[in-house]
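Colleague: I am new to this structure and would like a close look at a single part. Please take one loop, then show me how it sits in the whole chain.

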Amino acid sequence: MSIPIDHDALPRLVRPVAVFDAGIGSYAAVAAIQRLLPRQDILYFADRASFPYGDKSRPELLAILRRTLRYLDSFDPAAVLVASNAPSITVLDELTGIINPPVFGVRPPIAAALAVAGRKAVAVLGVRSMVESPELRLYADKQAGERKAQVHLVNASPLVELVESGAFLFAPDQAQAQVKAFLDALDGQHPDIAAFTLSSTHLPWLRAFIAPARPGRPLFDPLDDAIAAVAPHAVPGTGAVLALVTENERYSAAEFGLMLDRLGVSLPLHRVTP
């Protein structure tokens, strides 16, 4: 990849943590790192040209991750966070050692959710392509062990769309009603659910909608474990964030900038071209 801008105009980063994904959900990881490590420099890479990762085949994901990890390595990162469940669960383990810095992914903390669910069930919320994948089922079964029957993989694509569309910001009352309707239908199908885990980096944005709809029902965010894993590798800098974005005819950098604006994020974007 090449950056069609002047490197001298970019912020000078000190051993940044590199965070990347194809969607807007990954910005939640950037915000979480900033809260925990305010002096950590961050390289935020939004690979919109490859959106969505969840629809890609295994060979496609392997090619995307190999290319992206090698590209991010050129920025001398302290660590890299693959802030997307699909590649984290399906292919990331096959890429161990491809670059020297440690590489972390995000995976739903099913075992932790089961620990509080007791004899009841856990719902893993993700996009359709992910929850129907054999890789997530295998991961869930390994996490659950003998309790795998207590784990329900749930298509939460309608909730993800509330984030991608910005509806949770611009029509919060409508979004709250849609979240409640979704959870009502889910409880009708699985009345034994005691806890939620997330298999999408979009869904943490809906925590403020899910919590009042199901008060007292724990929600486990995979970003929590991921950020905790990144933290020991932090290198203090100035807290700068460098945002790079790819684009194609369908998903433009300008459109991604508007999505960030909807989230109240003011962040200069620098286009990169494969």
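Modeller: Start with Asp 76, in the loop between H2 and strand S3 (79-82). The model is predicted, so read every value here as computed from that prediction. Phi of Asp 76 is near 55°. That is a positive value in a residue other than glycine. Is Asp 76 buried, exposed or in between? Its relative accessible area is 45%, so Asp 76 is partly exposed. The cut-off for exposed is over 50%, and buried means under 20%.

Now step back to the other side of H2. The helix itself covers residues 58-73. Between strand S2 (42-47) and H2 runs another loop, and Pro 52 is found there. Pro 52 follows a cis peptide bond that joins Phe 51 to it. Omega of that bond is about -10°.

Asp 76 has a counterpart in Arg 15, another non-glycine residue with positive phi. For Arg 15 the angle is near 40°. Arg 15 is found in the segment before strand S1 (17-21). Its relative accessible area is 32%, so Arg 15 also counts as partly exposed.

Next, look at the aromatic rings. A pair of such rings is described by the distance of the centres and the angle of the planes. The structure holds 6 aromatic pairs. One of them joins Phe 168 and Trp 205. The ring centres are 6.3 Å apart, and the planes meet at 50°. Stacked needs planes under 30 degrees apart and edge-to-face needs over 60, so this pair is tilted. Where do the two partners lie? Phe 168 is in helix H8 (residues 167-170). Trp 205 is in the loop between strand S7 (193-199) and helix H10 (207-213). The pair therefore ties together parts that are 37 residues apart in sequence. The two residues differ in cover. Phe 168 is buried, with a relative accessible area of 6%. Trp 205 is partly exposed, at 23%.

There is also an aromatic cluster. Tyr 27, Tyr 44 and Phe 256 form it together. Move on to Glu 255, which lies in helix H12 (residues 253-262). Glu 255 counts as partly exposed, because its relative accessibility is 27%. How far is Glu 255 from Gly 23 in space? Their C-alpha atoms are separated by 12 Å, although the two residues are 232 residues apart along the chain.

Contacts across the sequence can be counted for the whole chain too. Take the contacts with a separation of 6 or more: 78% of them are between residues 24 or more positions apart.

Finally, the overall frame. The chain has 12 helices and 10 strands. Its radius of gyration is 18 Å, close to the 19 Å that the globule rule gives for 274 residues, so the chain is as compact as a globular protein of that length. Along the principal axes, the C-alpha atoms fill a box of roughly 55 × 40 × 35 Å. Of the 274 residues, 54% are buried. The chain exposes about 12000 Å², and carbon and sulfur atoms supply 53% of that area. The chain carries 25 positive and 28 negative charges, and the mean positions of these two sets are 5 Å apart.

Definitions and conventions. Residues are numbered from 1 along each chain as its sequence is written. This is a predicted model: local features need pLDDT of at least 70, side-chain atom pairs count only at pLDDT 80 or more; totals for chains, interfaces and linings use all residues. Side-chain values use heavy atoms; hydrogens and water are left out. Helices (H or I, at least four residues) and strands (E, at least two) are DSSP runs, numbered from the N terminus. The radius of gyration is taken over C-alpha atoms; the globule rule is 2.2 Å times the number of residues to the power 0.38. Buried means under 20% relative accessible area, exposed over 50%, partly exposed in between (1.4 Å probe, protein chains only). Contact means heavy atoms within 4.5 Å. Accessible areas come from the Shrake-Rupley method with a 1.4 Å probe; for residues, only the protein chains shown count as cover. Lys and Arg count as positive and Asp and Glu as negative; His and the chain ends are not counted. The place of a charge is taken as NZ of Lys, CZ of Arg, CG of Asp or CD of Glu. Rings of Phe, Tyr and Trp (its six-membered ring) pair if their centres lie within 6.5 Å; planes under 30 degrees apart count as stacked, over 60 as edge-to-face and the rest as tilted.
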